[in-house]
Amino acid sequence: MRHSIRRTLVAVSAVGIASMALAACAGGDSGAPAASGDSDFEPLTSIKLQLQWLPQAQFAGYYVALDKGYFTEEGFDDVEIVPSGGDIVPQDALVAGDVDFAVAWVPKVLGTLEATGAELTDIAQVFQKSGTLQVSWADSGITSVADFEGKRIGSWGFGNEWEIFAAMAADDLDSESVSITTQDFSMNALLDGDVDAAQAMTYNEWAQVLEVVNPATGKLYQPEDFNVISYEATEGAMLQDALWADTARLSDDPAYADAAVRFLKAVTKGWIFARDNPEEAASITYDAAINAEAAFPVGPVHQLWQMNEVNKLIWTDGDFGVVNEDAWKKTVAGALKAVNQDGLNLITEEPSDTAYSNEYIEKALQELEAEGVAVKGTYTPIDVTLTEGGK
């Protein structure tokens, strides 16, 4: 039996990706997924999951499922969690056949699907809310998206900028009226004055800036030192971390469709554990990060903050992982309106009906409930006191 976290980052061949545009076909909505244990096929026991970043509590549910043996309980004896430091595009790795499932933001995948003609299916919407922020100094005068005009707006790039442009479009703000400035995956650009407003996630960069000592006070920066715009509160809000599967394989390969359900059962149990045991889940993820070849250098307190904030994005009023139709439509509408500073659209037409399906996650939840797993629940946030550097 081998449960492993890949220690090296796999490069994806651009030629391989370009050659694998999939033909249009029926996806998850074309019929019920194969039942677990169906005797007409040999069940898959080995799978690979591609993350969209390095090991951190953003992905705690998957590391918990590995650590607690939930994948084993669902019939998998070889599970590989593949990190990315930005050099692997999750949806490209999935299209290329390098992995079986991938974690990626919805708008990024929609852009890839239209650009390549490939077909992937969102089989579980893990994050139900956007966790993206735009953070500026309290005296900047930037308190809304309308205030972006003429400002240097920080973004990491890699498709993370589309939420900015969707929010601007909703406010009828010309995308060329701002200077999109590339920032690294820290808050240094804001602290050094290189941007007027920096992009941040509630669970990561926002904590990073609050883990820095304010030279004027000798104490850590406080939330009141900054203005914070949450994209979730704008019309530009987009769905983020989702679990994606190969549409053609779901339709044509009953063993893969069966594996998708069992995989979702395992990760659902992982996220339930992370909801009910945030301290232990953060510790499990921290251990995975410090033992990985490549990891973002954050400490255990930062991981606990991250776990707390990620749970807030996952455990909302709906069932775990089920795609909310209104949120999906809002994401698509934002993607259609979003135009970057070069005048390019993210997408120009509605995605295929197979771009998401709730059949697999709903079947997984039904099976878990029948097995006595309490899949419904809410998250009660914990208090996390940040420390310098998150250590």
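## The second largest cavity

In this predicted model, the second largest cavity encloses about 30 Å³ of space. A search of the whole structure finds two cavities of 30 Å³ or more. The lining of the second largest cavity consists of Trp105, Pro107, Gly159, Asn160, Trp162, Glu163, Met238 and Gln240. By class, this lining divides into four nonpolar residues, three polar residues and one charged residue.

## The largest pocket

The largest pocket holds about 530 Å³ of space. Its lining is made up of 29 residues, and those nearest the centre of the pocket are Gln52, Lys108, Phe158, Asn160 and Phe185. The elements that contribute two or more residues to this lining are helix H4 (90-95), strand S4 (101-105) and helix H5 (106-116). H5 supplies the largest share, with five residues. Sorted by class, the lining of the largest pocket comprises 14 nonpolar, twelve polar and three charged residues.

Asn160 appears in both linings: it is among the residues nearest the centre of the largest pocket, and it also lines the second largest cavity. Phe158, likewise listed nearest the centre of the pocket, is placed in the loop between strand S7 (152-155) and helix H6 (162-170).

## Residues with positive phi

Phe158 has a positive phi of about 55 degrees, although it is not a glycine. The relative accessibility of Phe158 is 57%, and this residue therefore counts as exposed, the cut-off being over 50%.

Asp172 also combines a positive phi, of about 55 degrees, with a residue type that is not glycine. Asp172 is found in the loop between H6 and strand S8 (179-182). With a relative accessible area of 73%, Asp172 is exposed.

## The pairing of S5 with S13

Is strand S5 (residues 120-124) largely enclosed by the rest of the structure, or open, and why? Five of the five residues of S5 are buried, so the strand is largely enclosed by the rest of the structure.

S5 is joined by four bridges to strand S13 (residues 241-246), and the two strands run antiparallel. Within this pairing, Ala124 of S5 has Leu243 of S13 as its bridge partner.

## The three-stranded sheet

An open sheet is formed by three strands in the order S9-S6-S12, with antiparallel pairing. Strand S9 (198-201) and strand S12 (226-230) are the edge strands, each of which pairs on one side only. From one strand to the next, the twist averages 35 degrees.

Strands of a sheet pair through backbone hydrogen bonds, in either a parallel or an antiparallel arrangement. Between strand S6 (residues 132-137) and S9 there are four bridges, and these strands run antiparallel. Leu133 has Ala200 in S9 as its bridge partner.

## Aromatic contacts

The structure contains 16 aromatic pairs. One of them is formed by Phe127 and Tyr203, which meet edge-to-face with 6.0 Å centre to centre and 75 degrees between the planes. This pair links distant parts of the chain: Phe127 is in the loop between S5 and S6, whereas Tyr203 is in the loop between S9 and helix H8 (205-210), 76 residues apart. Both Phe127 and Tyr203 are buried.

A cluster of aromatic residues is formed by Phe71, Phe76, Phe101, Tyr256 and Phe263. Phe76, a member of this cluster, lies in the loop between helix H3 (70-73) and strand S3 (78-82). The relative accessible area of Phe76 is 0%, so this residue is buried.

## Loop residues and their spatial partners

Phe76 and Pro43 are separated by 33 residues in sequence, and their C-alpha atoms are 9.2 Å apart in space.

Asp194 is located in the loop between helix H7 (188-191) and S9. Is Asp194 buried, partly exposed or exposed? At 43% relative accessibility, Asp194 counts as partly exposed, since that class covers values between the buried limit of under 20% and the exposed limit of over 50%. Asp194 and Thr182 stand twelve residues apart in sequence and 9.6 Å apart in space, C-alpha to C-alpha.

Note on methods:
Residues numbered from 1 in each chain as written. Predicted model: local features only at pLDDT ≥ 70, side-chain atom pairs only at ≥ 80, totals over all residues. Heavy atoms only, no water. 1 Å grid on protein atoms, 1.4 Å probe; cavity = no way out; pocket = protein on both sides within 12 Å on 5 of 7 lines; lining within 4 Å. Points joined across faces, edges and corners; volume = space filled by probe spheres on them. Nonpolar A, V, L, I, M, F, W, Y, C, P; charged D, E, K, R; others polar. Buried < 20%, exposed > 50% of the residue type's maximum accessible area, 1.4 Å probe, protein only. Pairing = 2+ DSSP bridges. Axes fitted to C-alpha atoms, helices over the stretch in contact; angles between N-to-C directions. Phe/Tyr/Trp six-rings, centres within 6.5 Å; stacked < 30°, edge-to-face > 60°.
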